[in-house]
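I opened this entry to go through the fold one part at a time. My notes follow in the order in which I looked things up.

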Amino acid sequence: MRVLLVGHGKMGQLVGELSKSYGCDVAGVIDPMSPLHGGGPDDDRWRGVDVAIDFSTADSVVTNVPVLARRGINLVVGTTGWAAQEASLRQVVAEAGVGIVVAPNFSTGVVLFEAIVAHAAKLFAPQDEFGAFLHEAHHAAKKDAPSGTAFLLKRAMEQAGFPRPIDVSSTRAGFIPGTHSVGFDGPAETITLSHAARDRTAFARGALTAANWIHGKRGWYTMRDVLGVG
């Protein structure tokens with residue numbers, strides 16, 4: 001399977017390094033900031049690409065996804081910060097008849113953590129004396145705050161029926177690995193659930209798993225679909 005790397009920062013480079021072990025050949029790179037930049041999304045050299053894996057910027061997603069989709073290239077998007085444009089991109093993907101996996105976090109552990117958090121929120125929903133909070137911490141270079149994963153977890157809690165406000169906070173400092181904690185606090189006790197990423201390989205491997213899964217499919221999917229988590 002031929003994959004196109006959109007964005008060639010730390011994550012894009014790692015995906016490229018691991019691609020062979022997932023049966024993928026890297027066709028090239030779209031990233032004007034990289035010396036390996038091979039051209040824009042409409043360049044002829046991307047003819048025959050099966051899946052584009054995007055770890056770029058929010059502005060790039062809005063620009064590149066429509067062009068790549070209309071070329072019949074399926075997509076895996078791990079970039080966050082473009083939620084305001086999701087409705088228009090969904091329409092483009094549907095009209096192009098391609099498949100896309102969108103996830104703020106491709107870690108298998110995070111996908112399962114989301115399911116655990118949702119179940120906990122459902123259990124605590126009728127306990128009126130318990131409030132909920134969500135805290136995430138990342139390295140200083142991460143641009144968006146709160147993280148896309150934090151929004152994902154908050155939405156999962158709300159959709160599970162948690163009816164009270166969920167306080168969300170963020171920390172950006174040093175080289176902190178991605179850490180997300182969800183807590184339920186009552187008059188005399190606190191329950192905390194947490195997930196910490198030790199390195200980036202979990203995300204890169206998840207993205208490549210998603211690329212293999214979405215090959216040949218149509219529609220808008222998440223990692224829950226890829227992993228079969230109901």
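**Nonpolar cores.** I began with the largest nonpolar core of this predicted model. I noted 28 residues in it, and those with the most contacts inside it are Val-51, Ile-53, Val-76, Val-101, Phe-106 and Met-223. I then looked up which elements supply at least two residues each: they are strand E1 (2-6), helix H1 (10-18), strand E3 (51-54), helix H6 (201-214) and helix H7 (223-227). H6 gives the largest share, seven residues.

I took Val-101 from this core and listed its contacts, leaving aside neighbours within four places in sequence. Val-101 touches Leu-75, Val-76, Val-77 and Phe-106, and further along the chain Ala-210, Trp-213, Ile-214, Tyr-221, Thr-222, Met-223 and Val-226.

I also found a second, separate core, which has 21 residues, among them Trp-46, Val-61, Ala-69 and Leu-89.

**Ala-69.** I followed this member of the second core. Is Ala-69 buried or exposed? Its relative accessible area is 1%, so I put it down as buried. Ala-69 sits in helix H2. Not counting residues up to four places away in sequence, Ala-69 touches Leu-75, Val-92, Ala-96 and Val-98. I also checked Ala-69 against Ile-100: the two are 31 residues apart in sequence, and their C-alpha atoms are 8.9 Å apart.

**The six-stranded sheet.** I wrote down the strand order as E2-E1-E3-E4-E5-E10; this sheet is open and its pairing is parallel. Which strands stand at the edges? They are E2 (25-30) and E10 (219-221); each has a single partner strand, so one side of each is left without a neighbour in the sheet. Neighbouring strands are turned by 20 degrees against each other on average, direction ignored.

I looked at one pair in detail. E1 and E3 run parallel and are joined by four bridges. Val-6 stands opposite Asp-54 in E3.

Next I checked the helices on this sheet. H6 packs on the sheet and touches E3, E4, strand E5 (99-102) and E10. The direction of H6 makes about 155 degrees with that of E4. H2 lies across E1, E2, E3 and strand E4 (74-77), and runs at about 155 degrees to E4.

**Asp-44.** I looked up a loop residue for contrast. Asp-44 lies in the loop between E2 and E3. Its relative accessibility is 54%, and since the cut-off for exposed is over 50%, Asp-44 counts as exposed. I also took its distance to Ala-150: 38 Å from C-alpha to C-alpha, with the two positions 106 residues apart in sequence terms.

**The four-stranded sheet.** I recorded a further open sheet, with the order E7-E6-E8-E9 and mixed pairing. Strand E7 (166-172) and strand E9 (190-196) stand at the edges. Each of these has a single partner strand, so one side of each lacks a neighbour in the sheet. The twist averages 15 degrees from one strand to the next.

Strand E6 (residues 131-138) and E7 run parallel, and I noted seven bridges between them. Leu-134 has Val-168 in E7 as its bridge partner. Helix H4 (residues 108-124) lies across strand E8 (179-185) and E9, and runs at about 165 degrees to E9.

I picked Ser-181, which is found in strand E8. With a relative accessible area of 18%, Ser-181 falls under the 20% cut-off and is therefore buried. Leaving aside neighbours within four places in sequence, Ser-181 is in contact with Phe-133, Leu-134, His-135, Thr-192, Leu-193 and Ser-194.

**Pocket.** How much volume does the largest pocket have? I noted about 1,400 Å³. The pocket is lined by 48 residues, and those closest to its centre are Met-11, Ser-56, His-139, Lys-142 and Arg-200. The elements that give two or more residues to the lining are H1, helix H2 (58-70) and helix H5 (148-159).

**Peptide bond.** Last, I checked Pro-146, which lies in the loop between E6 and H5. The peptide bond from Ala-145 to Pro-146 is cis, with omega near 0 degrees.

Technical notes
Residues numbered from 1 in each chain as written. Predicted model: local features only at pLDDT ≥ 70, side-chain atom pairs only at ≥ 80, totals over all residues. Heavy atoms only, no water. Pairing = 2+ DSSP bridges. Axes fitted to C-alpha atoms, helices over the stretch in contact; angles between N-to-C directions. Contact = heavy atoms within 4.5 Å. Core = buried A, V, L, I, M, F, W, Y, C linked by side-chain atoms within 4.5 Å. Buried < 20%, exposed > 50% of the residue type's maximum accessible area, 1.4 Å probe, protein only. 1 Å grid on protein atoms, 1.4 Å probe; cavity = no way out; pocket = protein on both sides within 12 Å on 5 of 7 lines; lining within 4 Å. Points joined across faces, edges and corners; volume = space filled by probe spheres on them.
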